[in-house]
Amino acid sequence: MIIGRVIGNLVSVIKDSTYKGFKLLIVQEMNIDGSYAENFYISADLIGVGVNETVMVTCGTSSRATKETYEKPIDSVIIAKIDKLIFSDREIELEK
């Protein structure tokens with residue numbers, strides 16, 4: 001799983017039928033200190049988040065383990081919105 005920030009939407013009128021009904025978002029991976037990593041993902045949004053929200057993303061085989069994505073060719077899924085990170089020495093409140 002990764003932490004990322006939603007940086008945009010992907011709009012595709014013509015696509016494989018297994019993607020119909022999924023909102024596709026562009027997620028930029030984040031490092032634990034809040035800086036951006038190089039990787040980005042096109043993720044199916046299962047929970048209804050928007051641009052600039054911090055999310056938890058699952059990738060690979062785990063992405064096909066939900067009821068909505070079972071046996072579909074989806075490699076990245078947004079499964080949670082992150083509000084706060086709690087460490088032993090600090091807490092990070094994320095932008096809403």
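## Starting at Glu 53

Let's begin with one side chain: that of Glu 53 reaches the backbone nitrogen of Gly 50 at 2.6 Å. Keep in mind as you look around that this is a predicted model. Glu 53 sits in the loop between β3 and β4. Is Glu 53 buried or exposed? Glu 53 is buried, with a relative accessible area of 16%; that counts as buried because the cut-off is under 20%.

Leaving out residues up to four places away in sequence, Glu 53 touches Gly 4, Arg 5, Val 6 and Lys 81. Two of those names, Val 6 and Lys 81, will come back below.

## A neighbour with an unusual backbone

Asn 52 is in the loop between β3 and β4 too. Asn 52 isn't a glycine, yet has a positive phi of about 75 degrees. As for cover, Asn 52 is partly exposed, at 48% relative accessible area.

Glu 71 is another non-glycine with a positive phi, this time about 60 degrees. You'll find Glu 71 in the loop between β4 and β5, where Glu 71 is exposed, with a relative accessible area of 65%.

## Salt bridges

Side chains of opposite charge can pair when their charged atoms come close. How many salt bridges does a search of the whole structure find? The search turns up six. One of them joins the side chains of Lys 23 and Asp 45, at 3.7 Å from N to O. Lys 23 belongs to strand β2 (residues 23-30) and Asp 45 to strand β3 (residues 36-45), so this pair ties together parts that are 22 residues apart in sequence. The two partners have their own surroundings: Lys 23 is partly exposed at 38% relative accessible area, while Asp 45 is buried at 10%.

Next, take Arg 90 and Asp 89, whose closest N and O atoms are 3.3 Å apart in their salt bridge. Arg 90 counts as partly exposed at 36% relative accessibility, and Asp 89 counts as exposed at 61%. Elsewhere, salt bridges with shared partners link Glu 53, Lys 81 and Asp 83 into one network. Within this network, Asp 83 and Lys 81 pair up with their closest N and O atoms 3.9 Å apart. Asp 83 is partly exposed, with 36% relative accessibility, and Lys 81 is partly exposed as well, with a relative accessible area of 35%.

## The nonpolar cores

In soluble globular proteins, nonpolar side chains tend to be buried together. Which residues make up the largest nonpolar core here? There are nine: Ile 2, Val 6, Leu 25, Val 27, Tyr 41, Val 49, Val 55, Val 57 and Ile 78. The elements that each give two or more residues to this core are β1 (2-10), β2 and β4 (54-59). There's also a second, separate core of five residues, which includes Phe 22, Ala 44, Ile 74 and Val 77.

Val 6 is a good way into the larger core. This residue lies in strand β1 and is buried, with a relative accessible area of 0%. Setting aside neighbours within four places in sequence, Val 6 is in contact with Leu 25, Ile 26, Val 27, Val 49, Gly 50, Val 51, Asn 52, Glu 53, Val 55 and Ile 78. That list brings back Asn 52 and Glu 53 from the start of the tour. For a sense of distance, the C-alpha atoms of Val 6 and Ile 79 are 13 Å apart, with these positions 73 residues apart along the chain.

## Thr 69 in its loop

Thr 69 is found in the loop between β4 and β5 (76-81), and is buried, with a relative accessible area of 0%. A polar atom of the Thr 69 side chain lies 2.5 Å from the backbone oxygen of Ser 63.

Not counting neighbours within four places in sequence, Thr 69 is in contact with Phe 22, Leu 46, Ser 63, Arg 64, Ile 74 and Val 77. Three of those contacts, Phe 22, Ile 74 and Val 77, are also members of the second core.

## A nonpolar patch on the surface

Some nonpolar side chains do show on the outside: Leu 10, Phe 40 and Ile 42 make a surface patch of about 260 Å². Of these, Ile 42 has its place in strand β3 and counts as partly exposed, at 36% relative accessibility.

Conventions:
Residues numbered from 1 in each chain as written. Predicted model: local features only at pLDDT ≥ 70, side-chain atom pairs only at ≥ 80, totals over all residues. Heavy atoms only, no water. Salt bridge = Lys/Arg side-chain N within 4 Å of Asp/Glu carboxyl O. Helix = DSSP H or I, 4+ residues; strand = E, 2+ residues; numbered from the N terminus. Buried < 20%, exposed > 50% of the residue type's maximum accessible area, 1.4 Å probe, protein only. Core = buried A, V, L, I, M, F, W, Y, C linked by side-chain atoms within 4.5 Å. Contact = heavy atoms within 4.5 Å. Patch = residues over 30% accessible without salt bridge, like charges linked within 9 Å, V, L, I, M, F, W, Y side chains within 5 Å. Areas by Shrake-Rupley, 256 points an atom, 1.4 Å probe, with all protein chains shown as cover. Polar contact = N/O pair within 3.5 Å; in protein donor to acceptor, adjacent residues only side chain to side chain.
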